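User: Hi! I am new to reading structures, and I would like to understand the words people use for them. Could you take me through this one?

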Protein chains: 2
Amino acid sequence: MSSKKFRPDWTEKAPPDGTYRSIFKYGDPNSFKHPSDAWYEMIKHDFNLSDKDFMSKNKEGLEPVSLKRSVALKAQQIESIQNIVGKENAALDDYSRVKYASGKTAEEMMDLRHGIIREVADVVVHPRDKNDVRDLVAYCNREKIPVTVFSAGSSVNLGCRPARGGVSLVISTHMNKLLEINELNQTVRVQPGMFGPAYEEALNKAPELFGCKKRYTCGHFPQSFEYSTVGGWIVTLGSGQASTYYGDAYDIVFSQEYVTPVGTFKTLDYPATATGPKVNDIMKGSEGAFGILVEVTMKIFLYMPQNRQRFSFMYPTWDAAVNASREIMQSEFGKPAIYRISDPEETDRGLKLYGMPDIVDKFLNLRGFKPMRRCLSLGNVEGDRDYTRLVARKIKAIARKHKAISLTGYATKKWEHTRYTEPYMREDLGDYDIVIDTLEASVTWDNLHRLHQGVRAYVKSRPGTMCMTHASHFYPQGTNLYFVFIAHMKDPEEFRKFQRGIIDSIQQCGGSLSHHHGVGRMIGPWMKTHLGKEQMDVLRTLKKHFDPNGIMNPGGQLGLD
Amino acid sequence: MSSKKFRPDWTEKAPPDGTYRSIFKYGDPNSFKHPSDAWYEMIKHDFNLSDKDFMSKNKEGLEPVSLKRSVALKAQQIESIQNIVGKENAALDDYSRVKYASGKTAEEMMDLRHGIIREVADVVVHPRDKNDVRDLVAYCNREKIPVTVFSAGSSVNLGCRPARGGVSLVISTHMNKLLEINELNQTVRVQPGMFGPAYEEALNKAPELFGCKKRYTCGHFPQSFEYSTVGGWIVTLGSGQASTYYGDAYDIVFSQEYVTPVGTFKTLDYPATATGPKVNDIMKGSEGAFGILVEVTMKIFLYMPQNRQRFSFMYPTWDAAVNASREIMQSEFGKPAIYRISDPEETDRGLKLYGMPDIVDKFLNLRGFKPMRRCLSLGNVEGDRDYTRLVARKIKAIARKHKAISLTGYATKKWEHTRYTEPYMREDLGDYDIVIDTLEASVTWDNLHRLHQGVRAYVKSRPGTMCMTHASHFYPQGTNLYFVFIAHMKDPEEFRKFQRGIIDSIQQCGGSLSHHHGVGRMIGPWMKTHLGKEQMDVLRTLKKHFDPNGIMNPGGQLGLD
């Protein structure tokens, strides 16, 4: 068997029911995305591995989940909970308790491969509606039973881990309907557990489904779109891939209804107010620590895919890509929807991943766009037809001014095909002890290079570690940096230490702790230093106000307790 | 003397120093704006008055201010305060105490004309910098001395009234400098007491004054622009006349530094974050009740007046104007900067005020644009040259579709000349017991007509009262309604009752209590009903957190105590 011909036995089978792997596998159990051959060669080269290292898999997590922990709640408490939500909506089995305690961090995946189970809840509850949530929270507050919220479970910061047992409250099982479209206001009332694709499809098909005059789009397409919910976007402050035009989740919310231990309330439906600090905004990003989002009114946008203008460019350097992007964001001719720039390492590895034709590579080299210097940019423009044409034309002119070469809409189209599927590669790589993970931060233009270089230097201080960076959410004042790191690493504890070091490095280089992944329990310990005592005290005060008994997502969420 | 020739003796003299009038007169003491002859005729007609009623003025407030109230603070406290800010920056005289306790509500003007003085502070303090503010707040917190903040004093809701005496802290006297322009980030660090014109001029002249490469604009131009400050815009949640493009004050703030009784902090400089509820946003709109804004970083925009495109239209009906506006705001081709529509009563009275040529009136009538049905719309587009052309073209097309006739940029230009001077007419009218005042609310599209009709019905239930309405701040989800009411009314108490009735009416018809005027002490009593107990409790909790001794703007600000 020659080296050229060998290809690892990438898994093509859905994980068996009841196994650890069925919990940590990303997305559709029957969907897979394998590293390309070029990527496989690159991995072997960078990590100094050979085909031999890919002959057999390690720790696939194919064992049935076995928890062997008793339920700490009293039988009478369980019965009361069952009375509130119905017996069929309160599960006590091992598998449910582990599944609904798990998100999608790399460390959880490594743990579960090793059969390591961290904190779980005693009972997993699936409320049928907001009245169930209200009654359940009131009961748990009286009995001081912790409640941890789970929606789609694609959290990457241990945000749904029931640190103190009690109840895992799963919002997405039943509370996942679109309730009403208001065409005059261009708003939609929706339950928080509705998944991205169902939500977007309902809006796209508004004429057929709701008798609307027009078609709409939600404007929010995070990479986790298929495995995230409307409520999750809001309470973790997510950003979609088209946020540069549509805004972050923070901007797309119109009003919200919350159930908290001290009461239920709905924020007001106004396009703007000057009636003091806005409670509607205070609740965004509260990550279940103040209360539970039970209904939301979102802004929606006209669905006009026929007007979409795609573009992609190769810039000679990272500096050129950054400077052009800043000019685009500050020039006031409108904004692109999707807009991304990749640093040299991501550009080169990405071109391998997507499979750039040799002829294009040769042409780029010939024109002076050299590997490990050149930077890819791609994106699109959405909105009115004349607007998208204008904005695309303006972006092209600025790109040219900064010595970029147009690659037409080709790279964007290629990217669109894989925009939601990148996470699927994690399992394949993990089968051979290769861990891929990401961290991200926001940053002003004047600190972008320091943050980029500082975090890269830290990641690269570990020999043979890949670090790919892109900026993907743009504002006139700055952008985010999204760091993807890949390492050959067996030991979960080694990984944990390394990853915490990256967070330290982001903090030291002046990045925000999170641009759109939220805080959860993973980033919590850095919050006080990051915000400062005075601002952390504001969050603590709000926590104490809404949740005097400390039952809501307790145990470190947002760094609070 | 024939009726035609008679013209009231409108005041053309600056009010003498030390008088009540010198306090309540709006703006530049030497600037005046008199009602046009057509307006004078209209007033006489509508209020059933004759020239005789305008022969002599009532209650001009030309008497010297006389307070005759002792200072409640102890001599030692006064001395301590003087030691902190310097003796020259702590005033105890009657005039200062009254002046810095007064805003620009109609009721304050009526009171002062009658020599009625409401609550005043004991001492008026002008801190030199943020260290002075920090020391003063710490001292007052220890001694439990109330502190009420005053900046430009153009508050229209009793927001700077020192309801419990103590200190009036005047932020605009010394803390009014632009500190730094960051061209990379397009942000500016500025002290909160800087007035609009000085701020805008510094940005326009950034190359000459700060060695910048480009010219900038602040994007925030409220009617009170000349007599309002950057800090006031933020803590009261103001909106500028061009907010439809640039955003409300809420949107233009990048980060803030506050001095509070429990400590000083600066919010973080990031274009976006997902690190929990945003303390930067929680502080906006806090109206001095949580602490004092001592420094702010604002977003700025490219100054490109050469690209400005003006437009104005006459719509056949209010319905047509509203429907066209909604289509413009939801069509996603970009946004106008200034955008306004006037209802039929405001259109007709406005045309009289601005002096529409007879020939235009005849032409409009001939074309079917009838008085008390037709509605004026005007505005402009700012930004990149091609962008402004595109947006103006699109607006024109939508206006035509809704049967509007273009009046070119003429009406906008006329309006621009008076955009900041309308309030000057108040004194002239007040001299003859004619009171002009405004209230405003935000509203979603689906409730606009109910609010408009409901409030008009209430105002019109008082015989002979004018009610002119416009919408001037637009969003895809709705707009604001700005009600201008004019009545012939002598008695301050009658006025107060009438005006409170309008607030009731706004509330009953589902408008917000304030779109951009803030809450102050005037709207405070409605807050609990408006927000509901649960949300009001959030504000109370924050108040208690920042200000445990209740010294910051105490006595009803935001409806808090």
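**Reading the model term by term**

User: Why does A:Leu158 count as buried?
Analyst: A:Leu158 has 24 C-beta neighbours inside 10 Å. A residue is called buried if 20 or more other C-beta atoms lie within 10 Å of its own, exposed if 12 or fewer, and partly exposed in between, with C-beta atoms placed from the backbone. A:Leu158 therefore counts as buried.
Before we go on, this is a predicted model, in which local features need pLDDT of at least 70, side-chain atom pairs count only at pLDDT 80 or more, and totals for chains, interfaces and linings use all residues. Residues are numbered from 1 along each chain as its sequence is written, while chains are lettered from A and ligands numbered from 1 in the order in which they are written.

User: Where is A:Leu158 found, and what does A:Leu158 touch?
Analyst: A:Leu158 is in the loop between β3 and β4 (167–170) of chain A. Strands such as these are DSSP runs (E, at least two residues), helices are runs of H or I with at least four, and the numbering goes from the N terminus. Leaving out residues up to four places away in sequence, A:Leu158 touches A:Gly103, A:Thr105, A:Gly520, A:Arg521 and A:Met522. Touching, or being in contact, has a cut-off too: the C-beta atoms of the two residues, placed from the backbone, lie within 7 Å.

User: What makes strand β10 (residues 292–299) of chain A largely enclosed?
Analyst: Here we can use the burial rule again. In β10(A), 8 of the 8 residues are buried, so the strand is largely enclosed by the rest of the structure.

User: How do you know that β6(A) and β8 of chain A pair with β10(A)?
Analyst: Two strands pair if DSSP finds at least two bridges between them. There are 4 bridges joining β6(A) to β10(A), and 6 bridges joining β8 (residues 253–260) of chain A to β10(A). Both counts meet the rule, and the strands run antiparallel in each case. For example, A:Thr187 stands opposite A:Lys299 in β10(A), and the bridge partner of A:Glu257 is A:Glu295.

User: Which strands make up the sheet in chain A, and why are β5 and β9 its edge strands?
Analyst: The sheet is open and has 5 strands in the order β5-β6-β10-β8-β9, with antiparallel pairing. The edge strands are β5 (178–182) and β9 of chain A, and each pairs on one side only. Neighbouring strands are turned by 15° against each other on average, direction ignored. Such angles are taken between axes, which are lines fitted to C-alpha atoms (for helices over the stretch in contact), and run from 0 to 180 degrees between N-to-C directions. At the β5 edge, 4 bridges join β5(A) to β6 (residues 187–190) of chain A, and A:Leu178 stands opposite A:Val190.

User: What packs on the sheet of chain B?
Analyst: Chain B has an open sheet of 5 strands in the order β5-β6-β10-β8-β9, with a twist that averages 15° from one strand to the next. Helix α6 (residues 130–143) of chain B packs on this sheet, touching β8, β9 and β10 of chain B, and its direction makes about 145° with that of β10(B).

User: How many domains does chain A have, and where do they lie?
Analyst: The bounds come from an automatic or database domain assignment. It gives domain 1 (75–173), domain 2 (178–302), domain 3 (305–419) and domain 4 (523–561) of chain A. The centres of domain 1 and domain 4, taken over C-alpha atoms, are separated by 21 Å. In this pair, 12 residues of domain 1 are in contact with 9 residues of domain 4.

User: How many residues do chains A and B give to their contact?
Analyst: Each side is counted separately: 72 residues from chain A and 72 residues from chain B. On the chain A side, α22(A) gives the largest share, 7 residues. That side divides into 27 nonpolar, 33 polar and 12 charged residues. Ala, Val, Leu, Ile, Met, Phe, Trp, Tyr, Cys and Pro count as nonpolar, Asp, Glu, Lys and Arg as charged, and the others, Gly among them, as polar.
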